[in-house]
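Me: I should like a close look at one part of the structure shown below. Please treat the salt bridges in detail and then place them in their surroundings.

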Amino acid sequence: MANPSGSIVPSASTWDRLTAWYGDNKVVAWTIAGVTVVAVGGSIYYLSSGPAQKDGASSRPSSRAKKSKKKAKADLEKAETGLGKEEEDVRAGAKAGDDGGFKTAPPKPQVAEESDELPEISEESVTSLSESQRKEYAGKLKAAGNKAYGSKDYNKAIDLYGQAILCKADAVFYSNRAACWNAMSNWEKVIEDTTAAINIDPEYVKALNRRANAYEQESMFSEALLDYTASCIIDQFRNEASAQSVERLLKKLAESKAKTILEGKTKKLPSPTFVSNYLQSFRARDLPEGLDDAADLSEESGPWYLRKGLQAIQHKTGEGYTEASEAFDQAISIGGLDSHEAYAYNMRGTFRYLKGDNDAALDDLNRSIELDPSLVQSYVKRASMHLEQSKRDEAAQDFELATSHSPSDPDIFYHRAQLHFILSEFTEAAADYQKSIDLDPKFIFSHIQLGVTQYKMGSVASSMATFRRCIKSFGDKSDVYNYYGELLLDQQKFQEAVEKFETAVEMERKAVGEGGGMNVLPLINKALALFQWKQDFAGAEALCQKALIIDPECDIAVATMAQLLLQQGKVTDALQYFERAAELSRTEGEIVNALSYAEATRTQLEVQEKYPQLAIDEMQGDESETE
């Protein structure tokens with residue numbers, strides 16, 4: 001989940017760690033209980049490591065098998081557009097033998113170079129040839145086809161490969177002819193011939209890559225992703241360029257599906273955890289004069305509904321937030337708000353923004369500013385929307401306008417610091433957080449964010465000191481312990497981190513007993529800590545389940561559960577959670593992120609069905625392979 005710019009930035013760090021859990025969009029391989037585990041773009045693949053090697057040899061790919069980025073890219077280009085040397089002599093990436101090596105094609109038959117010695121083969125004439133003649137002629141025709149291809153005489157090469165295929169339906173011949181079609185951008189024919197090659201040899205890596213490229217050219221992204229993924233798994237993720245193709249296709253496919261989901265998505269409030277984190281990023285203020293509890297308001301009037309909405313927010317529950325949203329709609333619909341009209345539009349715009357209805361929210365905030373140009377919060381919230389839409393200049397302009405109206409409002413500096421933080425401008429962020437503290441030292445999140453920013457800047461000692469001061473000043477607030485725990489977890493100080501998360505959980509439970517809602521982020525953080533520290537999957541899953549009972553629509557809890565299941569090889573179950581995370585996401589970026597995981601998981605399932613010998617459904621290694 002992308003962090004809303006007006007929200008508490010540390011609340012998104014849980015998701016940041018989650019998505020970085022398996023490597024910063026790199027290909028990583030390691031072995032757990034005899035199972036090779038590979039991560040691509042945050043997605044996990046489980047590969048059979050094969051029989052144990054003799055003499056203690058490692059089952060991991062050798063260092064010689066790892067190619068440089070430059071060479072990997074060149075290899076993929078050859079796979080997509082031309083004939084590699086291995087197709088003339090041997091089949092690279094052929095089926096693995098029992099000894100872990102690779103079977104090679106038989107030696108190339110000696111052929112005459114003179115073109116006049118080439119046989120002319122047709123469907124009629126081939127029937128009269130003996131088996132040995134067919135084999136001999138197939139070799140001659142293939143060699144001539146390679147020569148024609150090298151001369152870029154693709155039509156001639158296509159004809160020669162076609163004759164070779166009449167003599168012998170060989171996967172290499174089909175793949176070579178596909179290379180000719182590829183050079184001519186005839187993607188339909190590329191798909192046809194590579195499919196024929198793969199039907200003969202389902203593990204033919206070059207044909208899979210070539211067909212994947214053709215599928216991508218035809219915008220058949222799901223099919224392309226399946227072929228690239230199969231290629232990577234068969235090749236044990238040694239080809240970095242192919243792995244990058246998987247990542248590229250995942251993003252492309254997710255972006256395409258995200259647009260469709262957004263078009264049909266019902267506008268509704270996200271999880272109470274998300275709403276609470278956004279709203280508490282603004283300083284708590286008393287109810288405006290005339291809307292306070294003592295004010296005598298006509299029941300079901302516009303001002304009455306406005307106050308009702310403001311009071312409902314204070315419960316910090318899903319029901320309370322829904323009630324507030326409906327009350328703000330009613331307040332504006334009924335009218336008669338007088339001096340409170342701008343504030344009403346501000347609050348309705350806030351909840352429309354939280355629902356993901358950005359256009360309507362922007363209209364409301366613009367209207368609020370028209371009615372009362374001095375209402376600083378409207379500029380700040382509009383800046384948050386601009387930043388979420390990557391409109392940095394518009395966001396900066398809104399902060400300038402807000403400052404011109406109220407140069408000493410601490411909320412302005414706090415949220416402008418958020419802008420700098422998200423843009424990794426940490427020095428500027430720290431200055432604005434400090435300014436916010438100077439103007440109002442009682443706002444907890446300015447202190448928390450300053451500590452997080454110091455940590456990001458590499459000033460770990462200063463950051464830890466800031467959090468220790470926070471505990472002295474705000475020791476009765478769970479947020480301090482939760483975010484302090486996150487930084488300790490990042491330093492792998494597991495025991496201390498878990499203790500901080502447990503303290504935060506107990507404080508949240510106490511808040512529930514007092515009639516408030518519970519922020520489930522400490523539960524999720526503790527789950528991540530247990531996994532990273534002790535590989536305690538059961539304990540981590542139980543905590544995520546508790547979080548989902550409390551807040552069923554918390555997308556971070558859903559995504560964490562999905563990753564825990566995937567880490568254990570429970571791919572089918574993980575897919576359901578990833579799809580659920582996509583449903584719960586608010587913005588296009590959040591949906592794309594969740595769908596990328598879902599599509600990677602779904603594709604892995606398809607590969608497992610086609611290549612059961614390559615994948616392990618459950619990460620249950622043989623007892624002899626575990627310690």
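With which residue does Lys259 form a salt bridge, and how far apart are the closest N and O atoms?

Reply: The model under discussion is predicted. In it, Lys259 forms a salt bridge with Glu588, and the closest N and O atoms of the two residues are 3.2 Å apart. Lys259 lies in helix α10 and Glu588 in helix α28, which spans residues 588-610, so the pair ties together parts of the chain that are 329 residues apart in sequence. Lys259 counts as partly exposed, at 45% relative accessibility. Glu588 is likewise classed as partly exposed, its relative accessibility being 32%. In general terms, side chains of opposite charge can pair when their charged atoms come close.

Helix α10 takes part in a further pairing. The side chains of Arg248 and Glu216 meet in a salt bridge with an N to O distance of 2.8 Å. Arg248 lies in helix α10, given as residues 240-264, and Glu216 in helix α8, residues 205-217, so this pair ties together parts that are 32 residues apart in sequence. Arg248 is partly exposed, with a relative accessible area of 35%. Glu216, by contrast, counts as buried at 12% relative accessibility, because a residue is called buried under 20% relative accessible area.

A third pair involves helices α18 and α19. Asp432 forms a salt bridge with Arg416, and here the closest N and O atoms are 2.7 Å apart. Asp432 belongs to helix α19 (residues 426-439) and Arg416 to helix α18 (residues 410-422); the pair links distant parts of the chain, 16 residues apart. Asp432 counts as buried at 7% relative accessibility, whereas Arg416 counts as partly exposed at 26%.

These pairs belong to a wider set, for the structure holds 27 salt bridges. Some charged residues are joined in a network of such bridges: Arg283, Arg285, Asp409, Asp411 and Asp440 are linked in this way. Positive charge also gathers on the surface, where Arg468, Arg469, Lys472 and Lys493 make up a patch. Of these residues, Arg468 is located in helix α21, residues 460-473. Arg468 has a relative accessible area of 45% and is therefore partly exposed.

The surroundings of helix α8 can be described next. Ser219 is placed in the loop between α8 and α9, the latter covering residues 221-234. Although Ser219 is not a glycine, its phi is positive, at about 60°. Within helix α9 itself one finds Ser231. Ser231 is buried, with a relative accessible area of 1%. Apart from residues up to four places away in sequence, Ser231 touches Val205, Leu208, Asn209 and Ser242.

Another residue to consider here is Ile191, which is located in helix α7, residues 187-200. Ile191 has a relative accessible area of 14% and is buried. When neighbours within four places in sequence are left aside, the contacts of Ile191 are Arg211, Ala214, Tyr215, Glu218 and Met220. In the other direction along the chain, Ser175 is 16 residues from Ile191, and the C-alpha atoms of these two residues are separated by 9.8 Å. The loop between α6 (171-183) and α7 contains Ser185. Ser185 also has a positive phi, of about 60°, although it is not a glycine. At 45% relative accessibility, Ser185 counts as partly exposed.

Finally, the whole chain gives the context for these local features. The secondary structure of the protein chain comes to 28 helices and three strands. The chain has 627 residues, of which 54% count as buried. Among its contacts with a separation of 6 or more, 61% are accounted for by residues 24 or more positions apart. The pairing of Lys259 with Glu588, the starting point of this reply, joins parts that are 329 residues apart in sequence. The accessible surface of the protein chain comes to about 28600 Å², and 47% of that surface belongs to carbon and sulfur atoms.

How values were computed. Residues are numbered from 1 along each chain as its sequence is written. This is a predicted model: local features need pLDDT of at least 70, side-chain atom pairs count only at pLDDT 80 or more; totals for chains, interfaces and linings use all residues. Side-chain values use heavy atoms; hydrogens and water are left out. Patches are made of residues with over 30% relative accessible area and no salt bridge: like charges are joined within 9 Å, nonpolar side chains (Val, Leu, Ile, Met, Phe, Trp, Tyr) within 5 Å. Accessible areas come from the Shrake-Rupley method with a 1.4 Å probe; for residues, only the protein chains shown count as cover. A salt bridge is a side-chain nitrogen of Lys or Arg within 4 Å of a carboxyl oxygen of Asp or Glu. Lys and Arg count as positive and Asp and Glu as negative; His and the chain ends are not counted. The place of a charge is taken as NZ of Lys, CZ of Arg, CG of Asp or CD of Glu. Helices (H or I, at least four residues) and strands (E, at least two) are DSSP runs, numbered from the N terminus. Buried means under 20% relative accessible area, exposed over 50%, partly exposed in between (1.4 Å probe, protein chains only). Contact means heavy atoms within 4.5 Å.
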